[in-house]
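Trainee: I should like to go through this structure with you, one question at a time. May we begin once it is displayed?

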Amino acid sequence: VRVGVSVTRAYKGPSIDVYTLDDARDLLEKKLSGIAEARANVSEADHWDRSMVHVWTLHPAWAETVHEAWESLDGDLKGESVVLVTVEAGSTYIVTDTCHD
């Protein structure tokens, strides 16, 4: 099964420790709309069967907020998409501003 994946972060900066339901809903709506647009415009050769939004965060509570936002979204927007949330524990890769070759 071919899957189209959109990756994003539930993250608001190193000094912000609040992530609201509206923040999560806005993020998911933006990413799901982008997936729908991309799927509608992709070539037949690159068409995918399933869509996924992979959300990366530092806080387990923010993962729960993303879940709550997902549950509140309209079914038409969610479509056949899947959301996967990864909580990064014990590192700072999500906030790294440099790339190493």
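Trainee: Which residue in strand 2 does Gly4 stand opposite?

Mentor: This is a predicted model, in which local features need pLDDT of at least 70, side-chain atom pairs count only at pLDDT 80 or more, and totals for chains, interfaces and linings use all residues. Residues are numbered from 1 along each chain as its sequence is written, and side-chain values use heavy atoms, with hydrogens and water left out. Strands (E, at least two residues) and helices (H or I, at least four) are DSSP runs numbered from the N terminus. The residue in strand 2 opposite Gly4 is Ser51.

Trainee: How many bridges join strand 1 to strand 2?

Mentor: Two strands pair if DSSP finds at least two bridges between them. Strand 1 and strand 2 run parallel, and the number of bridges joining them is 8.

Trainee: In what order do the strands of the sheet lie?

Mentor: Strand 2 (residues 50–57) is also joined to strand 3, in parallel, by 6 bridges; Trp56, for example, has Thr86 of strand 3 as its bridge partner. The open sheet therefore has 3 strands with parallel pairing, given that pairing takes at least two bridges. Its order is 1-2-3.

Trainee: Which strands are the edge strands?

Mentor: An edge strand here pairs on one side only. The two that do so are strand 1 (3–10) and strand 3 (82–87).

Trainee: What angle does the direction of helix 1 make with that of strand 2?

Mentor: Helix 1 (residues 21–41) packs on the sheet and touches strand 1, strand 2 and strand 3, a contact being heavy atoms within 4.5 Å. Axes are lines fitted to C-alpha atoms, for helices over the stretch in contact, and angles run from 0 to 180 degrees between N-to-C directions. On that basis the angle is about 150 degrees.

Trainee: Which residues form the covered face of strand 1?

Mentor: In a regular strand the side chains alternate between the two faces of the sheet. The uncovered face of strand 1 holds Val3, Val5, Val7 and Arg9. The covered face consists of Gly4, Ser6, Thr8 and Ala10.

Trainee: Why is the pair of Tyr19 and Trp62 stacked?

Mentor: Rings of Phe, Tyr and Trp (its six-membered ring) pair if their centres lie within 6.5 Å; planes under 30 degrees apart count as stacked, over 60 as edge-to-face and the rest as tilted. By this rule there is 1 aromatic pair. The ring centres of Tyr19 and Trp62 are 4.9 Å apart and their planes stand at 25 degrees, so the pair is stacked.

Trainee: How many residues apart in sequence are the parts that this pair ties together?

Mentor: Tyr19 lies in the loop between strand 1 and helix 1, whereas Trp62 belongs to helix 2. The pair therefore ties together parts whose separation in sequence is 43 residues.

Trainee: Is Thr65 buried or exposed?

Mentor: Buried means under 20% relative accessible area, exposed over 50%, and partly exposed in between (1.4 Å probe, protein chains only). Thr65 has its place in helix 2 and touches Tyr19, Thr20, Leu21 and Ala24, not counting residues up to four places away in sequence. Because its relative accessible area is 12%, Thr65 is buried.

Trainee: Over the ring of which residue does the charged end of Lys78 sit?

Mentor: A charge sits over a ring if NZ of Lys or CZ of Arg is within 6 Å of the ring centre and within 35 degrees of the ring normal. The charged end of Lys78 is 4.9 Å from the centre of the ring in question, that of Trp70.
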